[in-house]
Amino acid sequence: MKYLVAIAACLPAVVFPSAGPASAAPNPVSMEFTAGQPYREYANSVSRFTAQVDFRTVTLAWSLEMTPSTQAVIAGTMNCQTKIDGIQGYVDDHRNLPPDYLLHSSVKVQRGKNYKLRSRCDFKALTTTGMQPGNVETAVDFVVR
């Protein structure tokens, strides 16, 4: 099956089937957290990603939410999974979420280590040709200083 990919800025990629070119993974957004700047966010027309570090416990708390325009094309529920390369065994997996759900989690991290957070939400989308599978992929590379 071929896909048409609409990439909004460089955070998420939204994929819907079509007769167009093959899909591509999103380019990651880079975030650096410091004691002076413990909060970061990135938003575009598809979704909003936020994260902050509690430097007392060195814990990263993150969230991802679809924009109202993205929520509007999702028919029914979505299934989302997030992994963080660099944290062995970390998987945040949720099924049957409403489109307006604030996906969120927290995890202990190490200072000076590079991490790669990758999230994917799959859903059915209402298109001009009917119901089609779609997804939003999010890629964030980060380090805590």
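Two residues are in contact here when they have heavy atoms within 4.5 Å of each other. Keep that in mind as you look at this predicted model: among the contacts in the protein with a separation of 6 or more, 50% join residues 24 or more positions apart. The protein has 145 residues, and 42% of them count as buried. Its secondary structure adds up to one helix and 11 strands.

**Layout of the chain**
- If you walk along the sequence, you meet the elements in the order β-β-β-β-β-β-α-β-β-β-β-β.
- The accessible surface comes to about 7600 Å², and carbon and sulfur atoms make up 53% of that.

**How far to trust the model**
- The average pLDDT, the predictor's confidence score, is 87 for the protein, and 83% of the residues reach at least 70.
- Confidence peaks in strand E6 (residues 59-66), with a mean of 98, and bottoms out in strand E1 (residues 3-7), with a mean of 30.
- Residues 1-11 have a pLDDT below 50, and the model gives this stretch 49 contacts beyond near neighbours in sequence.
- Residues 17-22 also stay under 50, and here the model has 15 contacts beyond four places in sequence.
- Where pLDDT is low, don't read the predicted coordinates in detail.

**Aromatic pairs**
- To describe a pair of aromatic rings, you give the distance of the centres and the angle of the planes.
- The count for this protein comes to three aromatic pairs.
- Take Phe-33 and Phe-142: their ring centres are 6.2 Å apart and their planes sit at 80 degrees, so this pair is edge-to-face.
- Phe-33 belongs to strand E3 (residues 29-33) and Phe-142 to strand E11 (residues 130-144), so the pair ties together parts that are 109 residues apart in sequence.
- Phe-33 and Phe-142 are both buried.
- Phe-49 and Trp-62 make a stacked pair, with 6.3 Å from centre to centre and 15 degrees between the planes.
- That pair links distant parts of the chain, with Phe-49 in strand E5 (residues 47-54) and Trp-62 in strand E6, 13 residues apart.
- Phe-49 and Trp-62 are buried too.

**A ring cluster to look for**
- Find Phe-33 and Phe-142 again, then add Tyr-115: ring pairs link these three residues into a cluster.

Key. Residues numbered from 1 in each chain as written. Predicted model: local features only at pLDDT ≥ 70, side-chain atom pairs only at ≥ 80, totals over all residues. Heavy atoms only, no water. pLDDT = per-residue confidence, 0-100. Helix = DSSP H or I, 4+ residues; strand = E, 2+ residues; numbered from the N terminus. Buried < 20%, exposed > 50% of the residue type's maximum accessible area, 1.4 Å probe, protein only. Areas by Shrake-Rupley, 256 points an atom, 1.4 Å probe, with all protein chains shown as cover. Phe/Tyr/Trp six-rings, centres within 6.5 Å; stacked < 30°, edge-to-face > 60°.
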